[in-house]
Amino acid sequence: MNEHSPGGARGLWRDAGRRLRRDRVALAALGVIVLVALFALLAPALSPWGYESLDWQHLALPPGASAAHWLGTDRLGRDLFVRTLHGVRLSLLISVLASLVSLVIGVLWGAVAGLAGGRTDGWMMRLVDVLYSLPYLFIVIILTTLWQRGSIAALLLALGAVGWLTTARIVRGQALALKHREFIEAARAVGVPAPAILLRHIVPNLLGPVLVYATLIVPQIIVSESFLSFLGLGVQEPHASLGNLILTGAQEMESAPWMLLVPAAFLVVLLVCFNFLGDGLRDAFDPRER
Amino acid sequence: MPSIRASAEAAAAPAVLSLSGLTVTFDTPRGRITAARDVTLAVERGECLGVVGESGAGKSQVFLAVLGLLAANGRAQGSARFLGTELLKLAPAALDRVRGAGIGMVFQDPMTSLTPHLTVGGQIAEVIRRHRGVGRAAAHAAALTLLERVQVSDPERRMQQYPHELSGGLRQRVMIAIALSSEPQLLIADEPTTSLDVTVQAQILALLAELKRERAMGMVLITHDLGAVAGVADRVAVLREGCIVETGPVAAVLKTPRDPYTRTLLRDTPRLDADGAPPGAAAAPPGSPAALRLTDLTVRFNVGRGWFGPHARLTAVSAVSLELYAGESLGVVGESGAGKSTLVRAALQLLRPAAGRVVWMGQALADLPQGVLRALRRDLQIIFQDPLGSLDPRMTVGEIVGEPLRVHAPHLDRAARAAQLAAVLRRVGLTAELASRYPHELSGGQCQRVGIARATILKPRLLICDEPVSALDVPTQQQIVTLLAHLKRESDMCLLFVSHNLALVRQLCERVLVLYLGRMMELAPAHSLYTRPRHPYTRELLAAVPIPDPDIQPARLARARPGEPPSPLSPPSGCVYRTRCPHAAPVCAERIPEWEELPDTRRVACHRWRELP
């Protein structure tokens with residue numbers, strides 16, 4: 001039996017939007033992410049302290065001990081509230097930008113390889129395989145040493161350069177499947193030029209799964225950045241990222257646990273929210289899901 | 001007539017299956033949908049009931065409800081008795097026992113009903129062991145007997161094969177063997193032949209008719225094809241929108257239908273024996289140049305890819321030559337695997353031919369630069385087989401139909417484009433408000449109209465139709481064919497109509513080309529092809545087309561010839577058809593027959609056509 005639903009105009013996007021709006025968990029996660037981002041952007045202005053200003057009177061102050069430092073200070077007397085929010089800002093910026101970079105490169109690379117097929121596809125995907133097989137830290141170390149240590153541009157490039165490989169693979173698989181669908185053949189028969197087929201027919205049809213994957217790489221990149229900062233390859237002092245805050249916090253864990261707990265709490269909240277949002281998007285874009 | 005005897009017995013024994021007041025509903029987020037309303041019918045022992053209706057009429061849902069196989073949101077009310085046992089109230093475990101031992105089921109798509117990673121023999125034997133409680137060796141022997149019974153050739157070897165290695169017809173035979181393995185009292189066949197070629201369809205239907213007689217079991221044949229019903233069924237029930245509109249003996253329903261809907265269905269079923277001659281020969285002025293000329297067109301595919309090149313090469317189309325004149329319509333027919341779709345795709349340069357030339361209006365298409373060819377595509381358009389699949393799911397109808405304008409007439413302003421869009425939608429019988437809909441919201445027929453609108457918005461000079469109606473219901477098929485005929489009358493475009501349905505081709509085409517395994521068998525004006533086929537393969541195809549007439553069809557089915565096309569990877573030597581040909585002689589294996597021209601302008605490739613009656 002044919003299943004076609006009666007009722008008003010719907011589209012996959014509108015359907016997905018509606019399903020997402022019905023998904024309370026995903027919606028709450030999205031709300032928390034937006035709130036944290038806004039808070040990180042605006043709240044530091046409320047505090048008299050800058051992220052690198054030192055308060056020699058209050059070294060390693062626990063939270064609540066002083067009205068001036070809401071979440072305490074670190075061993076150098078820097079305000080932890082301001083530094084954590086700066087860290088959130090930087091980590092979010094890096095992860096969202098790096099995801100975008102890897103998304104754009106990955107989608108284009110994968111779609112072109114899938115659509116071209118044959119030898120072009122072979123060579124393009126072999127390059128992906130070669131990059132995959134290199135240890136990712138190795139690439140990151142090379143790239144970060146090319147620039148100044150701790151340069152954000154280098155970090156972005158390094159994270160994006162590694163992140164697009166998986167995207168390209170996912171997209172290529174989707175494009176290969178799409179290429180043999182009759183509506184692509186129909187577009188060729190109409191005389192639509194190849195670049196237009198790619199952008200008008202292939203990319204919109206594979207965006208659903210790719211968007212879902214994108215929300216999953218954002219937390220992955222936050223963690224990667226934290227890890228790189230932890231190794232001293234990422235964001236460098238006096239700049240703060242969630243990664244290097246946790247690194248210094250971990251060294252003071254026994255005497256001043258709040259230095260670890262405050263940034264770690266933000267990281268955990270963001271990771272959980274992004275993962276919930278990713279789950280919600282995956283369900284929303286899957287028409288089989290009710 | 002077995003049905004008379006069966007109904008005499010029925011007075012004593014309960015019917016194999018009797019439904020009374022069966023109503024099937026589905027709870028959906030948008031409210032309750034009634035799939036079947038108050039269905040009352042009975043199937044007696046040794047009787048075949050044909051259940052006919054369009055898709056969406058609720059045919060399948062009624063019998064899924066009987067089997068307790070409705071989707072989770074479905075509910076069945078009323079009564080369904082199998083040999084007197086009420087099925088609707090049975091607990092799942094008890095229902096399982098009844099279903100397993102008493103009712104066999106054959107579905108439309110045999111591939112999805114078979115487990116891909118188990119051998120065919122293993123799957124049949126498993127069912128037998130479960131139902132009969134016999135040992136491994138006995139089950140194996142019983143499976144072999146069953147495969148022989150359903151006329152599977154070389155059953156020992158087939159037992160060791162996996163489902164994907166079998167053809168569609170063989171898979172359906174395997175499904176029937178599995179359904180028979182529990183020695184059921186009732187066999188429910190849900191569109192068992194819809195996805196098969198006409199020739200194989202005739203074989204499967206003939207097999208079902210034989211089994212019914214031999215085993216005296218009840219049978220339900222669910223189908224939208226009245227021709228299939230005419231050959232097998234004893235009684236018919238016509239379903240429309242979940243209600244039975246007419247029921248009775250097959251002869252009465254098909255010959256003197258009472259309900260207007262049954263009459264519509266009958267009228268829309270194309271018939272080979274219909275009155276009225278097919279369209280006459282095209283008024284192609286002698287000596288006028290052909291609009292489209294294919295010369296020795298050959299297309300090969302590489303199969304598999306290893307380190308040292310492809311594993312094998314498959315010749316899908318082999319040295320096909322034909323001319324198409326302005327305003328002419330040519331039918332291309334043959335079973336699946338005949339290379340029909342490959343041929344038209346190569347003609348449009350959507351596939352690169354291995355050899356041969358495609359000349360359109362004096363220009364060899366392969367020599368043209370990409371840009372020139374793309375510009376020329378506005379004249380060469382195609383309609384696809386899958387109505388929904390050929391439309392981009394992310395685009396609205398307006399965007400889809402307007403895309404050719406965007407490519408070939410980018411200078412048009414918004415108003416001019418909208419006007420053309422509205423005009424073409426009206427021409428194909430769609431309302432303007434559909435322009436903002438998405439393909440998945442349309443019915444199959446509407447989707448195909450959108451495809452036709454896209455192909456004709458630029459007023460092409462060649463329209464290729466690749467099985468444009470084979471995915472549609474019978475009444476919708478008729479509407480689309482009427483629309484195509486109308487569009488063709490309006491303009492002087494050429495039509496290349498690919499189909500496996502000879503009865504449909506007859507309505508539309510002036511000349512017909514018969515292909516088999518990528519080679520030309522016969523090319524003739526439609527009238528002479530249908531009245532006096534020369535090639536044995538054309539005869540086989542014509543004989544296999546079902547005719548919705550219960551007086552003729554059973555005898556036609558009984559004459560159905562066995563055999564399916566061999567693999568195109570290893571075609572027979574000489575004449576490719578000889579392995580199935582009833583008239584094959586030694587010479588047929590030695591030489592490829594020539595493409596001979598007969599006095600009446602037809603062409604035949606057969607060594608023996610002169611000797612045949």
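Helices, which with strands are taken as DSSP runs (H or I over at least four residues for a helix, E over at least two for a strand), are numbered from the N terminus, and the expected span of a helix is 1.5 Å times one less than its number of residues. Residues are numbered from 1 along each chain as its sequence is written, while chains are lettered from A and ligands numbered from 1 in the order in which they are written. The model is predicted, with local features needing pLDDT of at least 70 and side-chain atom pairs counting only at pLDDT 80 or more, whereas totals for chains, interfaces and linings use all residues.

**Exercise 1. A helix of chain B and its cover**

Task: Compare the span of helix α8 of chain B with the expected one, and find what covers its buried residues.

Solution. Step 1: Helix α8(B) runs over residues 168-180, which gives 13 residues, and from its first C-alpha to its last it reaches 18 Å, close to the expected 18 Å.
Step 2: A residue is called buried if 20 or more other C-beta atoms lie within 10 Å of its own, exposed if 12 or fewer do, and partly exposed in between, with the C-beta atoms placed from the backbone. By that count 12 of the 13 residues of α8(B) are buried, and the helix is mostly covered; among them are Leu170(B), Arg171(B), Val174(B) and Ile178(B).
Step 3: The cover of these buried residues includes β6 (103-106), α4 (110-113), α5 (120-132), α6 (136-149), β7 (186-190) and α9 of chain B.

**Exercise 2. A second helix of chain B**

Task: Which elements of chain B do the buried residues of α18(B) pack against?

Solution. Step 1: Helix α18(B) covers residues 474-490, has 17 residues and reaches 25 Å from its first C-alpha to its last, close to the expected 24 Å.
Step 2: Its buried residues are Val474(B), Thr476(B), Gln477(B), Gln478(B), Ile480(B), Val481(B) and Leu484(B).
Step 3: These buried residues pack against α12 (260-268), α17 (444-456), β17 (462-466) and α19 (502-508) of chain B.

**Exercise 3. Chain A and its helices**

Task: Describe the elements of chain A, and then the crossing of α4(A) and α6(A).

Solution. Step 1: Chain A has 10 helices and 0 strands, its C-alpha trace spans about 75 × 50 × 30 Å along the principal axes, and 42% of its 290 residues are buried.
Step 2: Helix α3(A), residues 80-116, has 37 residues and reaches 52 Å, close to the 54 Å expected, and 27 of those 37 residues are buried. Just after α3(A), Gly117(A) takes a positive phi of about 70 degrees.
Step 3: Two packed helices are described by the angle between their axes and the distance between the axes. Here the axes of α4(A) (118-133) and α6(A) (152-179) come within 10 Å and cross at roughly 145 degrees; such axes are lines fitted to C-alpha atoms, for helices over the stretch in contact, and the angles run from 0 to 180 degrees between N-to-C directions.
Step 4: Two residues are in contact if their C-beta atoms, placed from the backbone, lie within 7 Å. In this pairing Met125(A), Val128(A), Leu131(A) and Tyr132(A) of α4(A) meet Leu165(A), Ala168(A), Arg169(A) and Arg172(A) of α6(A).

**Exercise 4. Where chain B meets chain A**

Task: How many residues of chain B are in contact with chain A, and which element gives the most?

Solution. Step 1: On the side of chain B 31 residues are in contact with 22 residues of chain A.
Step 2: At least two residues each come from α2 (59-66), β16 (380-383) and α15 (397-408) of chain B, and α15(B) gives the most to this side, with 4 residues.

**Exercise 5. Two domains and a loop residue of chain B**

Task: Locate the domains of chain B, and explain why Leu598(B) counts as partly exposed.

Solution. Step 1: Chain B is divided into domain 1 (2-117 + 186-268) and domain 2 (292-527), with bounds from an automatic or database domain assignment.
Step 2: The C-alpha centres of these two domains lie 36 Å apart, and their contact takes 10 residues from domain 1 and 7 residues from domain 2 of chain B.
Step 3: Leu598(B) is placed in the loop between β21 (596-597) and β22 (603-604) of chain B. Leu598(B) counts as partly exposed because it has 14 C-beta neighbours inside 10 Å.
Step 4: Leaving out residues up to four places away in sequence, Leu598(B) touches Arg603(B) and Val604(B).
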